[in-house]
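Please open the structure in your viewer and get ready to click from stop to stop. At each one you will hear what to select and what to look for there.

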Amino acid sequence: MHSTKHPIAIDDNVATLHLTSFHYGAPGSGKKVYIQAAIHADEVPAMLVAHLLRGRLDRLDAEGRIKGEIILVPAANPLGLSQVMHGAPFGRYDLSTGLNFNRAYRHAAEALKTALAGRLGQDATANVALIRELARREVAAWEPADNAATLKKTLLAMAIDADIVLDLHCDNEALLHMYTGTPLVEAIQPLADLMGARVLLVAKESGGEAFDEACSRLWWDLADHFPDAAIPPSCAAVTVELRGENDVSYALAEHDADAIVQYLAQAGVLDIPARRLPAPQCGPTPLDAVEPLAAPHAGVLVFRKQLGDQVAAGEPIADVVNPVSGQVTPVAASRAGLLFASTAHRHLLRGMHICKVAGAESFRSGNLLSS
Ligand SMILES: [Zn+2]
């Protein structure tokens, strides 16, 4: 194992920041795995899982059991982690630009469509190698205009040619759930089973250019553009939401780190016995079947349902109680589904996020992720 410090913000007259990555195994000796935690900075469950994962990888490395390359970035956002306002961590958006740290990653497919014209054939292995080479160059050519973009480029440059990308996050309050590409369900379902995910949300394009999709959508965008060439979906990238921001315990983190180690064993990256997969707790759900609910007016948020409850269409999930006007408004989903994520706030202004319900049928379009 060796570690690398990447300069992110290095002007002499202001605070300087570096990103640290840990590198196991050897490039080219097998599959490449990239794992990062907490791109939204104060996603504490993700950082604790990464810490425990590091201990496991150190031991497996010492025993010679790493059959490939694994890069681990245990705290992926030093910029966001340094943002604290009046005692409250503020890690989702870059304060200097207002941009979400998990949006606007460079999508290499457009440039590659031109560069690859006439160069792809029926040899999938050769195609994958060529696409990875050009994708690395495309990310390297990105000229970041600010520190947050430098961070994004640094992270993407480590992940763009990986076979497996695990992007570890958490929600405000949530069941363990995941986001991945529709063509990747077969590759990601074992991870969902091992982690005990309750929802596996899938889309071919979510909108906003999130990190995992910058790594994975490249492949099916190119496959759609070059229908006569053999282009398999060669990067199994997934965003894992490790429950809620206060779900921080050794017991949960040990479970999650063990599940990831097992997944890497199943993928042939770790030379340890692979256990039988546990029974799935969910199958794939279209991301456009998720209904987000928002506050109809300002007030105190009182939940009537709990995370994990199945709710019927029109069934009240929560009330919004305005203590001055006396107005009490029940909030319900328009479609039946599983209540799987909610805000951690209990007083909301009009339009603020309340919760998400995963239904079965697609009904939304456009940008499918929250901002
Ligand atoms: Zn996040």
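Start by selecting L95. In this predicted model, is L95 buried, exposed or partly exposed? Its relative accessibility is 44%, so L95 counts as partly exposed, because the partly exposed class runs between 20% and 50%. L95 sits in the loop that links β6 (88–89) to α3 (109–115). Now show what surrounds L95: setting aside neighbours within four places in sequence, its contacts are Q83, M85 and F90. Then add A148 to the selection and draw a distance between the two C-alpha atoms. L95 and A148 are 53 residues apart in sequence, and their C-alpha atoms are 9.7 Å apart in space.

**Along the loop to A104**

Stay in the loop between β6 and α3, and select A104, which is found there too. A104 is partly exposed, with a relative accessible area of 46%. Check its backbone angles next. What is the phi of A104 near? The value is near 65°, which is positive, in a residue other than glycine. As background, most residues other than glycine have a negative phi.

**A second positive phi**

For another positive phi, jump to R243. R243 is not a glycine, and its phi is about 65°. This residue belongs to strand β11, residues 236–244. Is R243 buried or exposed? With 13% relative accessibility, R243 counts as buried, because buried means under 20%.

**From R243 to C170**

Keep R243 on screen and select C170, since R243 is among the contacts of C170. Leaving out neighbours within four places in sequence, C170 is in contact with E43, V44, P45, E241, L242, R243, G244 and E245. You will find C170 in strand β7. C170 is buried, with a relative accessible area of 9%. Now add N246 and draw a line between the C-alpha atoms. C170 and N246 are 76 residues apart along the chain, and 9.2 Å separates their C-alpha atoms.

**The zinc ion**

E43, one of the contacts of C170, leads to the next stop: select the zinc ion. Which protein atoms are its donors? They are ND1 of H40, OE of E43 and ND1 of H169, lying 2.0 to 2.1 Å from the zinc ion. Written along the sequence, the spacing of these donor residues is H-x2-E-x125-H. Colour E43 and H169 to see where they come from. E43 lies in the loop between β3 (31–37) and α1 (44–62), while H169 is in strand β7 (residues 164–171), so this pair ties together parts that are 126 residues apart in sequence. Both E43 and H169 are buried.

**Inside a helix**

Move on to helix α5, residues 147–159, and select L156 there. How much relative accessibility does L156 have? The value is 0%, so L156 counts as buried. Show its surroundings: apart from neighbours within four places in sequence, L156 is in contact with Y105, R106, V139, W142, F211, A214 and C215. For a separation across the chain, add A223. L156 and A223 are 67 residues apart in sequence, with their C-alpha atoms 21 Å apart in space.

**A loop between two strands**

Now select L349, in the loop between β19 (347–348) and β20 (353–358). Not counting residues up to four places away in sequence, L349 touches A295 and A298. Add P296 as well: L349 and P296 are 53 residues apart along the chain, and their C-alpha atoms are separated by 8.4 Å.

**Zoom out**

To finish, show the whole protein chain as a cartoon. How many helices and strands does the protein chain have? There are 8 helices and 20 strands. The radius of gyration is 21 Å, close to the 21 Å that the globule rule gives for 371 residues, so the chain is as compact as a globular protein of that length. Turn the model around: the C-alpha trace spans about 65 × 50 × 45 Å along its principal axes.

Colour by burial, and note that buried residues make up 52% of the 371 residues. Switch on the surface as well. The accessible surface comes to about 16000 Å², and carbon and sulfur atoms hold 52% of that. Finally, colour by charge to find 31 positive and 42 negative side chains; the centres of the two sets lie 2 Å apart.

Methods
Residues numbered from 1 in each chain as written. Predicted model: local features only at pLDDT ≥ 70, side-chain atom pairs only at ≥ 80, totals over all residues. Heavy atoms only, no water. Donors = N, O, S within 2.8 Å, 3.2 Å for Na, K, Ca; no water. Helix = DSSP H or I, 4+ residues; strand = E, 2+ residues; numbered from the N terminus. Buried < 20%, exposed > 50% of the residue type's maximum accessible area, 1.4 Å probe, protein only. Rg over C-alpha atoms; globule rule 2.2 N^0.38 Å. Areas by Shrake-Rupley, 256 points an atom, 1.4 Å probe, with all protein chains shown as cover. Lys, Arg positive; Asp, Glu negative; His and termini not counted. Charge placed at Lys NZ, Arg CZ, Asp CG, Glu CD. Contact = heavy atoms within 4.5 Å.
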